[in-house]
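Good morning, everyone, and thank you for making time for this. Please bring up the structure on your screens, and we will walk through it together, one part after another.

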Amino acid sequence: NDIITREVDRMNHLIEQLLYFSRPSPALQTDVQINDILKNTLMLVEMRSRFTSVVFDIDLSPVLPAITANEEQLEQVFLNIIINALQAMDNDGKLCISSHYSAVMQQVRVDITDTGPGIAAENLPKLFDPFFTTKETGTGLGLAVAHHLMSVWNGSIAVNSTVGAGSTFTLIFPAVRSDENVDKTLT
């Protein structure tokens, strides 16, 4: 009975991810503060990883302009990347998360860096392909969904990885520019 329940839950999760990936229209997008979403995501992750040896190094820029995204979906994007990093490090290592703003580029950038084993060069081009995974229990949809959503939000996601030294996922979002939501000190 437990096996059947677990497998049904797993299949439901897979179907949910497939539907999410193939949904033609994105969910409601609003102007959101990326640091708030990162902090909420980190609360979830830190609760999950409190019995691990992972050290969190968080460096969030104190003032960032808003970005346009769906808050729940963005939290899921961050969660997918961070959980992948924790799993890659086998719950022992350092996870660095930072946010920055480039006034020149008018972009908000988030870097998520782990000290895991890194990603083999031959796997890098396939990383955002649906169903590509190196995990025994993975669906290969988490990063594909993240990549899809970043393009919906006119952003980008990239990875830089060195085998034996870890990986950095970089997410870049266009900043919302208006007098109401951007502090004059940013320009």
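Let us begin at S102, whose bridge partner in strand 5 is Q107. I should say at once that this is a predicted model, so everything I describe has been computed from predicted coordinates. Strand 4 and strand 5 pair in the antiparallel sense, and 8 bridges join them. They form a hairpin with 4 residues between the strands, and in this hairpin Q106 takes a positive phi near 55°. A103 is also found in the loop here, between strand 4, which covers 92-102, and strand 5, which covers 107-114. Is A103 buried, exposed or something in between? Its relative accessibility is 30%, and because buried means under 20% and exposed means over 50%, A103 counts as partly exposed. If you look for A175 on your screen, you will find that it lies 72 residues from A103 in sequence, while the C-alpha atoms of the two are 8.9 Å apart in space.

Let me now step back to the whole chain. The protein chain has 4 helices and 7 strands, and from the N terminus on the elements run α-β-α-β-β-α-β-β-α-β-β. There are 187 residues in the protein chain, of which 37% count as buried. The chain exposes about 10,700 Å², and carbon and sulfur atoms supply 53% of that area. If we take contacts between residues at least 6 apart in sequence, 72% of them join residues at least 24 apart.

The next topic is the sheet. In which order do the strands of the open sheet lie? The order is 2-4-5-7-6, with 5 strands and mixed pairing. At the edges are strand 2 and strand 6, the latter covering 156-162, and each of these pairs on one side only. From one strand to the next, the twist averages 15°. Strand 2 and strand 4 run parallel and are joined by 8 bridges, and within this pair D57 has C96 in strand 4 as its bridge partner. At the other edge, strand 6 pairs with strand 7 in the antiparallel sense over 7 bridges, and there A158 stands opposite T170 in strand 7. As you follow any of these strands, it may help to keep in mind that in a regular strand the side chains alternate between the two faces of the sheet.

Two helices lie across this sheet. Helix 2 lies across strand 2, strand 4, strand 5 and strand 7, and runs at about 170° to strand 2. Helix 3 lies across strand 2, strand 4, strand 5, strand 6 and strand 7, and runs at about 170° to strand 7.

That brings us to the interior. The largest nonpolar core has 41 residues, and those with the most contacts inside it are I34, L74, F78, L95, I112, L171 and F173. Several elements supply at least two residues each to this core, among them helix 2 (34-48), strand 2 (53-60), strand 4, strand 5 and strand 7 (166-174). Which helix gives the most to this core? Helix 3 does, with 9 residues. To see one core residue in detail, consider L95, whose contacts beyond its neighbours within four places in sequence include V54, F56, I82, L86, M89 and I112. Helix 4, covering 142-152, also supplies at least two residues of the core, and the buried residues of helix 4 include L143, V145, L149 and M150. Helix 4 is followed by N154, whose phi is positive, near 60°.

Finally, let us turn to the charged pairs, where the count comes to 2 salt bridges. In one of them K94 is paired with D57, and the closest N and O atoms are 3.8 Å apart. Because K94 lies in strand 4 and D57 in strand 2, this pair ties together parts that are 37 residues apart in sequence. K94 counts as partly exposed at 36% relative accessibility, and D57 is partly exposed too, with a relative accessible area of 34%. In the other salt bridge R109 is paired with D111, and here the closest N and O atoms are 2.9 Å apart. R109 counts as partly exposed at 37% relative accessibility, whereas D111, at 10%, counts as buried.

Note on methods
Residues numbered from 1 in each chain as written. Predicted model: local features only at pLDDT ≥ 70, side-chain atom pairs only at ≥ 80, totals over all residues. Heavy atoms only, no water. Buried < 20%, exposed > 50% of the residue type's maximum accessible area, 1.4 Å probe, protein only. Contact = heavy atoms within 4.5 Å. Areas by Shrake-Rupley, 256 points an atom, 1.4 Å probe, with all protein chains shown as cover. Core = buried A, V, L, I, M, F, W, Y, C linked by side-chain atoms within 4.5 Å. Pairing = 2+ DSSP bridges. Axes fitted to C-alpha atoms, helices over the stretch in contact; angles between N-to-C directions. Salt bridge = Lys/Arg side-chain N within 4 Å of Asp/Glu carboxyl O.
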